[in-house]
Amino acid sequence: MMKPLFTSQATANGGRDGQVTSSDRVLELELAMPGTPKAKENENATNPEQLFAAGYAACFDSALQLTAQKARLRMETEVTANVSLLKDEADGGYKLSVT
């Protein structure tokens, strides 16, 4: 089994219209579904898909930089992740898509 280098923790309260806070309190964010009244009254609210996209893009960009460094290439990288919430018509549930 691999040994973790570190572990991050965040806690959500109130679901998609609640709050999310990291254990070190660096992140303390209001959540709101896009297009809802809460999102309209709180322009600084985010959503889980935005948070997922930010983390995914940062990790993937870091992997690109490491790969370039190992190949002794000097290059600037930039990754944009698009995360979508999808309705699964087959089972009535939800899925995430990342491009």
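**Entry 1: the ring cluster**

I began with the aromatic rings and found Phe52, Tyr56 and Phe60 linked into a cluster by ring pairs. I note that this is a predicted model. I counted the aromatic pairs in the structure and got two. In one, Phe52 and Tyr56 are stacked, with 6.2 Å centre to centre and 25° between the planes. I checked their spacing: the two are four residues apart in helix H2, so about one helical turn separates them. I then took Tyr56 with Phe60. Their ring centres are 6.3 Å apart and their planes stand at 10°, so this pair is stacked too. Tyr56 and Phe60 are also four residues apart in H2, again about one helical turn.

Are these rings buried or exposed? I looked up each value. Phe52 has 38% relative accessibility and is partly exposed. Tyr56 has 39% and is partly exposed. Phe60, at 42%, is partly exposed as well.

**Entry 2: the nonpolar patch**

I next followed these rings to the surface. Phe52, Tyr56 and Phe60 belong to a nonpolar surface patch of about 740 Å², together with Leu64, Leu85, Tyr94, Leu96 and Val98. Which elements give two or more residues to it? I found helix H2 (48–70) and strand S5. H2 gives the most, with four residues. I also looked at Val98, which lies in S5. Its relative accessible area is 31%, so Val98 is partly exposed. That value passes the 30% a patch residue must exceed.

**Entry 3: the S4 and S5 hairpin**

I turned to the strand that carries Val98. S5 (residues 94–98) pairs with S4 (residues 83–87) in the antiparallel sense, over five bridges. I looked for the partner of Lys87 and found Tyr94 of S5 opposite. Tyr94 is also one of the patch residues. Six residues lie between the strands of this hairpin. I checked the backbone there: Gly92 takes a positive phi near 80°.

**Entry 4: Gly18**

My last stop was Gly18. I located it in the loop between strand S1 (10–13) and strand S2 (19–22). Is Gly18 buried or exposed? Its relative accessibility is 2%, so Gly18 counts as buried, the limit being under 20%. What does Gly18 touch, leaving aside residues up to four places away in sequence? I listed Asn13, Leu29, Glu30, Leu31 and Lys38. I also took the spacing of Gly18 and Ala45. They are 27 residues apart in sequence and 9.6 Å apart in space, C-alpha to C-alpha.

Conventions. Residues are numbered from 1 along each chain as its sequence is written. This is a predicted model: local features need pLDDT of at least 70, side-chain atom pairs count only at pLDDT 80 or more; totals for chains, interfaces and linings use all residues. Side-chain values use heavy atoms; hydrogens and water are left out. Two strands pair if DSSP finds at least two bridges between them. Buried means under 20% relative accessible area, exposed over 50%, partly exposed in between (1.4 Å probe, protein chains only). Contact means heavy atoms within 4.5 Å. Patches are made of residues with over 30% relative accessible area and no salt bridge: like charges are joined within 9 Å, nonpolar side chains (Val, Leu, Ile, Met, Phe, Trp, Tyr) within 5 Å. Accessible areas come from the Shrake-Rupley method with a 1.4 Å probe; for residues, only the protein chains shown count as cover. A salt bridge is a side-chain nitrogen of Lys or Arg within 4 Å of a carboxyl oxygen of Asp or Glu. Rings of Phe, Tyr and Trp (its six-membered ring) pair if their centres lie within 6.5 Å; planes under 30 degrees apart count as stacked, over 60 as edge-to-face and the rest as tilted.
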